[in-house]
Amino acid sequence: MDRGVRRFYKGLLMVIAAGVITVLLPPIKHLLALGYAALSTQVQQVIDLVRMGLLAFLVAALLAPLEALGWWAGWYGESVDTIAAQTNSSPAAPATETAAIPAGIASRIALPYHRYLIYLDGIGQGSTQQYLPDVEDFLAALTAALPPDICLVRDVMSYSVMNQPLTSAQRPLAFFWKLAEWLRLKNPRSLLGYVINIRNLLQVSVSADQRYGPIYNLGIAQRLYDSLSRQGYVPGSGIPVTLIGYSGGGQVAAGAAAFLKQAIQAPIDLISLGGVMSGNNRYLQLEHLYHLEGEKDTVQRLGPRMFPGRQPLLFLSYWNRARRAGKITIVPLSGVGHNVPGGLLDPNLVLPDGRTALQRTIDTILAILAGRLELPHTAKAAVDLSLAQPSNYAIYQQLPYNRYDFYPLQQSLPANTYIPVGTWIGRLILPPKSERAQVQGVWFEVYQTDADHPHWQGLRVRLCWEDIPILQQWRQSVVRDVNLSEPTQLSMQQGRVHPDRLDGWQRVGPLESLAASHPEDDVIVKLVGPVRVVAAAEGTGQQTTDPTLFITQEPVQITGRFYSLVQIGAPVANGSDVFTVRHFNRESHQFDAPTATVRIPQVLPSREGVFSSSNRGLEQSALNESGWYIYGAQGQDGEFVVQAIAPRALLRLQPEQVVLGKAATIQYLTKRCWQGTAKQKGQIKSVLLAPGEASIASAVDQWREGDRALLMHVYGGIGGKKKEFAPLGIYFGHFAYGIATVVRDPLSDELRFEITYKQIYTHNTDGIISGSLAWSAYMGDRQRGWLGVRPVADVLIRFPPLTAIYDFGDGQARSPLTALRYTLEAMAARYRVGDGTGGTFVGPTYSCVQDANQALYLALQRLRQVLQTNVTIQTWLAEHPDHPQTQQVQQLVALEKALTQKLMPMGIARSDWEDQAPLLGADLWEDPFNTLYNTLISWRTLLPRLTFEAIGKAFLQQGASLWLLRSNQVGGIDPDIAPIAPTALWF
């Protein structure tokens with residue numbers, strides 16, 4: 001209960017106690033008796049009624065929590081189902097390669113409704129069968145206006161955890177409530193009818209009470225769950241639910257929403273119609289709260305007065321935290337009050353725009369449900385964005401070579417020296433709101449196609465997810481409503497890039513968040529995995545569909561549509577950015593092809609004056625002897641523009657050094673990996689750590705074409721004349737996971753690593769997008785990549801038990817690495833929209849390294865759950881004790897234990913990792929004690945390098961082979977910067 005409510009009750013009890021004591025004092029008692037006797041009979045009767053009413057109210061207030069407590073205790077003979085309402089599995093990603101929705105659900109997944117509405121009435125509710133006339137008019141009009149794919153549920157008694165109307169035969173005072181209801185229906189102003197309001201008002205206070213409220217709200221959540229089930233709702237289907245709470249029903253809905261969300265595993269919105277709500281409901285668990293506030297509504301204004309948590313001064317209350325997070329939208333309604341007549345449900349009150357108050361309320365609800373609610377800018381903006389600093393992204397866009405429209409769609413590059421970086425390549429285009437239902441994904445401008453669809457080049461087609469259970473689960477776990485929070489707007493003012501185009505959008509999916517991550521549609525990607533092509537003529541029925549590409553994996557961000565392997569020569573003239581090159585000859589395995597030219601433009605400096613790369617001295621680099629992979633496309637003048645580079649020596653499967661033995665490999669990883677970083681500027685290292693191999697040859701031979709490896713990535717700091725800010729001399733750096741694959745390069749006919757980073761990356765000024773990034777986009781990009789400006793360590797971990805695909809005879813292929821990929825991509829998608837706030841920010845316990853390892857922890861926990869609970873797997877393992885797959889499972893279990901120990905060294909799991917906090921990132925002062933606690937129990941994931949070494953050491957101890965790729969500001973010459981190793985510990 002809020003302090004204001006507690007003070008109210010305490011004050012009431014004190015007044016009553018003082019009155020009782022005063023009355024019992026003999027002199028005062030006699031004086032009151034004499035005065036009472038002198039009154040007329042009529043006045044005496046009024047006083048008697050007031051005394052009886054006060055006594056009845058006191059008794060009712062004291063007994064108000066009794067029904068909820070009795071329900072919880074089972075006094076009414078009902079079995080309490082608390083498991084569904086308290087279990088929070090929150091699957092952020094499927095646990096297996098072909099994970100399926102549980103039996104009995106998959107067959108019902110195609111429900112006729114795409115959203116469910118549950119109405120919770122105000123304190124005037126006495127029955128679920130017959131509402132007051134104004135409410136009946138509202139529900140009838142709303143039902144008629146709703147689209148056919150939205151189901152309205154209206155059978156919930158908001159003020160009874162048993163869902164029993166006051167007039168139910170099971171209630172001892174049913175006769176009294178029937179009389180009150182009958183009189184009130186005849187005359188809405190009947191005094192006896194107001195007793196119902198008083199009774200329900202007390203239940204609202206129970207809902208807001210911090211002692212009894214959780215029990216009451218859980219009971220209401222159970223009733224909401226039951227009502228949904230009666231309408232055919234399938235928990236786990238991800239179909240959103242919207243609660244509509246009128247007056248006191250707003251508090252009841254807000255209190256029950258978090259419990260209901262845990263039970264149905266689906267997003268929940270709340271529309272408050274003049275709701276009187278406490279400040280301590282778990283609003284952060286809501287997808288969004290829309291509070292319709294009448295201009296003349298004096299009742300809803302009681303909320304901020306009765307509940308101090310609604311006051312701005314108590315900035316740590318759930319209400320104020322949710323407001324800062326952009327979770328609450330106040331919708332002002334001019335000219336209306338609370339109740340009919342004159343209220344927001346009045347069908348007879350005509351507004352200046354010609355609509356009735358009721359019609360405007362319904363129109364507002366429909367706009368909210370459709371995601372097209374428009375509010376004045378002043379109603380949402382907390383920060384003046386006209387004063388925003390320019391971002392690095394905006395600065396970089398001033399260089400024509402950095403713009404997608406500088407490169408013509410049609411390219412005429414020689415096929416023997418330039419190869420597309422992917423089969424399907426294109427540009428993501430965010431559809432406008434009006435096209436979302438039609439597109440069901442994003443638009444995709446096709447740059448490159450497979451051999452069967454060359455005529456698709458240049459088309460704008462739909463890009464959608466395949467409709468399979470594994471992707472349904474993954475997508476539903478990351479879909480969010482987006483409303484920019486105050487911190488996000490402040491961050492935009494400081495020049496960081498946020499998906500502001502999504503502000504006010506509902507049910508934003510991972511493709512939309514990827515397309516909208518930049519201010520304009522310039523995200524270039526390649527499609528990986530199976531791609532199903534559906535032409536327009538293949539539509540069903542009388543209508544044809546738009547040309548569509550269906551995918552099963554997150555698109556990979558790339559820089560450059562083509563790549564080649566070259567040695568770089570001198571510029572064609574002093575000061576020119578056109579360089580001579582010699583392409584690699586696959587036949588001779590030499591750079592002896594005829595001389596050609598490419599453009600290597602000088603990039604623009606960042607706001608801090610730092611150049612991400614330089615074209616100065618590229619031909620003088622020691623790495624030029626083995627050649628460079630160059631990525632780009634022909635510009636408008638036909639010259640090939642080098643947008644990204646990669647040293648061939650770094651990515652080829654030819655290590656400079658091989659370290660054998662467990663002790664030696666651990667010592668190299670933890671002591672020698674970053675040794676002498678400052679002196680190694682412009683250099684690379686490729687070191688193979690093989691603790692379980694006896695010879696160098698066998699260690700290298702273990703890595704074969706098609707092998708997959710888990711990647712760990714860490715970068716350090718920028719020193720020198722243009723050094724970056726480092727508090728207390730600590731260069732925190734950055735940590736990420738990814739996946740590397742051994743491929744045979746078609747240009748060199750040799751094995752090399754193809755690396756895709758699964759970046760959990762906070763919003764930044766450079767416009768780097770959280771998600772799947774090719775090496776060329778994240779490291780090699782000359783304008784915003786890290787190859788030329790930071791020291792970097794990538795460790796590729798080859799551990800067959802983790803990367804293998806398992807078959808336990810049930811027709812399902814399971815891959816732990818693929819499960820981890822889904823988990824990482826889910827976390828990245830949440831980062832892109834800040835879990836609906838539009839921004840993700842870092843702190844002591846919420847950072848890229850923390851959240852990347854939360855994804856790893858969740859994947860490991862799900863792996864353990866699958867191995868422990870799947871009867872098919874357990875039976876197969878018992879029947880095949882000597883099978884190599886069984887031995888790999890045992891190694892996998894040992895790895896899970898070792899990694900969990902590293903992530904949770906104190907043996908205590910972080911609650912926000914187990915339950916998945918509703919919002920990523922947090923300010924230290926939002927919850928300082930919990931922040932400190934989480935920091936202590938997961939201290940190894942506090943610094944990127946510390947985590948890098950701890951996880952790498954755990955893999956080496958389990959016998960994994962690690963391939964270390966180190967680079968130190970590689971590329972052209974920039975004397976103003978120096979590489980700084982990331983800090984391992986700050987003491």
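Is Cys-151 buried or exposed? Cys-151 is buried, with a relative accessible area of 4%. The legends below describe close-up views of a predicted model.

**View 1. Six strands line up in one open sheet.** The strand order is E2-E1-E3-E4-E5-E6, and the pairing is parallel. Strands E2 (150-153) and E6 (328-333) are the edges. Each of these edge strands pairs on one side only. On average, neighbouring strands are turned by 20° against each other, direction ignored.

**View 2. Strand E1 pairs with strand E2.** Strand E1 covers residues 115-120. Its pairing with E2 is parallel and runs over four bridges. One residue to look for is Ile-118, whose bridge partner in E2 is Val-153.

**View 3. Helices H9 and H13 pack on the sheet.** Helix H9 spans residues 213-230 and touches E1, E2 and strand E3 (241-246). The direction of H9 makes about 135° with that of E1. Helix H13 spans residues 357-370. Its contacts take in E1, E2, E3, E4, E5 and E6. The direction of H13 makes about 165° with that of E4.

**View 4. Arg-115 is a buried residue in strand E1.** The relative accessibility of Arg-115 is 7%, so this arginine counts as buried. Which residues does Arg-115 touch, not counting residues up to four places away in sequence? Its contacts include Asp-149, Ile-150 and Cys-151. Also among them are Ile-239, Pro-240, Thr-242 and Asp-269. Leu-369, Gln-506 and Arg-507 are touched as well.

**View 5. Two cysteines are buried, and the disulfide count is zero.** Cys-151 has a relative accessible area of 4%. For Cys-848 the value is 10%, and this cysteine is buried too. The count of disulfides comes to zero.

**View 6. Tyr-283 and Trp-319 meet edge-to-face.** A search of the whole structure finds 25 aromatic pairs. In the pair of Tyr-283 and Trp-319, the ring centres lie 5.3 Å apart, with 85° between the planes. The pair links distant parts of the chain, 36 residues apart. Tyr-283 sits in the loop between strand E4 (268-273) and strand E5 (288-294). Trp-319 belongs to helix H12 (residues 318-324). Tyr-283 is buried at a relative accessible area of 1%. Trp-319 is at 3% relative accessibility and so counts as buried.

**View 7. Trp-703 and Phe-753 form another edge-to-face pair.** Why is this pair edge-to-face? The planes stand at 85°, and over 60 counts as edge-to-face. The ring centres are 5.7 Å apart. Trp-703 lies in the loop between helix H22 (696-701) and strand E22 (708-715). Phe-753 lies in strand E25 (residues 751-759), so the pair ties together parts 50 residues apart in sequence. Trp-703 and Phe-753 are both buried.

**View 8. Arginines sit over aromatic rings.** Arg-310 lies over the face of Trp-319, 4.0 Å from the ring centre. Trp-319 is also the edge-to-face partner of Tyr-283. At Tyr-822, the charged end of Arg-821 sits over the ring, 4.7 Å from its centre.

**View 9. Three tyrosines form one aromatic cluster.** The members are Tyr-113, Tyr-116 and Tyr-233.

Note on methods
Residues are numbered from 1 along each chain as its sequence is written. This is a predicted model: local features need pLDDT of at least 70, side-chain atom pairs count only at pLDDT 80 or more; totals for chains, interfaces and linings use all residues. Side-chain values use heavy atoms; hydrogens and water are left out. Rings of Phe, Tyr and Trp (its six-membered ring) pair if their centres lie within 6.5 Å; planes under 30 degrees apart count as stacked, over 60 as edge-to-face and the rest as tilted. Helices (H or I, at least four residues) and strands (E, at least two) are DSSP runs, numbered from the N terminus. Buried means under 20% relative accessible area, exposed over 50%, partly exposed in between (1.4 Å probe, protein chains only). A charge sits over a ring if NZ of Lys or CZ of Arg is within 6 Å of the ring centre and within 35 degrees of the ring normal. Two strands pair if DSSP finds at least two bridges between them. Axes are lines fitted to C-alpha atoms, for helices over the stretch in contact, and angles run from 0 to 180 degrees between N-to-C directions. Contact means heavy atoms within 4.5 Å. A disulfide is a pair of cysteine sulfur atoms within 2.5 Å.
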